[in-house]
Amino acid sequence: MRYDLTTAGSPESQMLHEPVAFESALDEAGGRLYFIQWSQQLDRGQLCSMPVDGGAIRTHTSADAFLLSPNKQYGAVSGENERGSYLNLANLSTGQVFPVNQGSIVVDMQWDAAGDRLYYSVYNAEADNEDQPLSLYVYDVATGANEKLMDMVAGSLYPANASRGVVLVYLFTQVNQAIPMSYWLPLD
């Protein structure tokens with residue numbers, strides 16, 4: 001739906017698209033809305049976009065989750081297909097899709113403030129320490145370098161205000177009380 005909030009009183013609305021199934025993040029880049037649309041024929045999601053004022057839907061790549069870079073040049077997409085779990089990077093202007101991680105189940109992903117590094121966590125099947133079931137990686141868009149940074153606790157990644165780094169939020173439970181703990185990971 002699109003709402004015109006310039007109208008006094010109740011906003012005017014217009015139906016832009018009525019998908020069969022739509023449960024996803026929604027983001028905008030270059031005058032297009034990006035979202036995941038589920039396909040029952042494929043039994044998986046696809047990253048799609050459409051003009052913000054309505055119009056034809058464009059399918060970009062398969063994806064169950066996505067996150068656009070702050071500079072709106074790339075979309076990190078993760079999911080599972082017939083070849084297994086994946087994390088790919090889609091160039092929004094050229095349509096090219098680059099593999100970042102194949103075979104690992106992506107738990108969370110977050111861009112740095114500059115939009116040139118993608119931090120992501122995956123399940124660590126060979127974890128020596130059961131208190132650290134995830135591994136944190138960083139992918140450098142310019143060089144294509146993909147580096148494991150550390151094993152970590154289960155938590156959520158959030159953008160940091162610094163150009164390099166990410167914030168990890170971990171819910172520590174004590175006496176049946178969830179206590180959020182935040183860690184800034186300055187990663188240069």
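1. A patch, in this note, is made of residues with over 30% relative accessible area and no salt bridge, and nonpolar side chains are joined within 5 Å. By that rule Ile105, Val107 and Tyr123 make a nonpolar surface patch of about 280 Å². The model is predicted, and the patch should be read with that in mind.

2. Take Val107 from the patch. Val107 belongs to strand E11. Its relative accessibility is 35%. Buried means under 20% and exposed over 50%, so Val107 counts as partly exposed. The 35% value also lies over the 30% that a patch residue needs.

3. Which sheet holds E11? An open sheet of 4 strands, in the order E11-E12-E13-E14, with antiparallel pairing. Strand E11 (106–111) and strand E14 (146–152) stand at the edges. Each has a single partner strand, so one side of each is left without a neighbour in the sheet. From one strand to the next, the twist averages 20°.

4. Inside this sheet, E12 and strand E13 (residues 134–140) run antiparallel and are joined by 7 bridges. Ser121 sits in strand E12, which spans residues 117–123. Opposite Ser121, in E13, stands Leu136.

5. Is Ser121 buried or exposed? Ser121 is buried, because its relative accessibility is 0% and the cut-off for buried is under 20%. Set this beside Val107, which is partly exposed at 35%.

6. What does Ser121 touch, leaving aside its neighbours within four places in sequence? One group of contacts is Ile105, Val106, Val107 and Asp108. Another is Leu134, Ser135 and Leu136. Met152 and Leu157 complete the list. Two of these names return from the patch: Ile105 and Val107 are in contact with Ser121 and also help make the nonpolar surface patch. Leu136 is both a contact of Ser121 and the residue opposite Ser121 in E13.

7. A further open sheet deserves a look. Here 4 strands are ordered E7-E8-E9-E10, and the pairing is antiparallel. Strand E7 (65–68) and strand E10 (97–102) are the edge strands, each pairing on one side only. The twist averages 20° from one strand to the next.

8. How many bridges link E7 to strand E8? There are 4, and the two strands pair in the antiparallel sense, with E8 covering residues 74–81. Ala65 has Ser78 as its bridge partner in E8.

Notes. Residues are numbered from 1 along each chain as its sequence is written. This is a predicted model: local features need pLDDT of at least 70, side-chain atom pairs count only at pLDDT 80 or more; totals for chains, interfaces and linings use all residues. Side-chain values use heavy atoms; hydrogens and water are left out. Buried means under 20% relative accessible area, exposed over 50%, partly exposed in between (1.4 Å probe, protein chains only). Contact means heavy atoms within 4.5 Å. Two strands pair if DSSP finds at least two bridges between them. Axes are lines fitted to C-alpha atoms, for helices over the stretch in contact, and angles run from 0 to 180 degrees between N-to-C directions. Patches are made of residues with over 30% relative accessible area and no salt bridge: like charges are joined within 9 Å, nonpolar side chains (Val, Leu, Ile, Met, Phe, Trp, Tyr) within 5 Å. Accessible areas come from the Shrake-Rupley method with a 1.4 Å probe; for residues, only the protein chains shown count as cover. A salt bridge is a side-chain nitrogen of Lys or Arg within 4 Å of a carboxyl oxygen of Asp or Glu.
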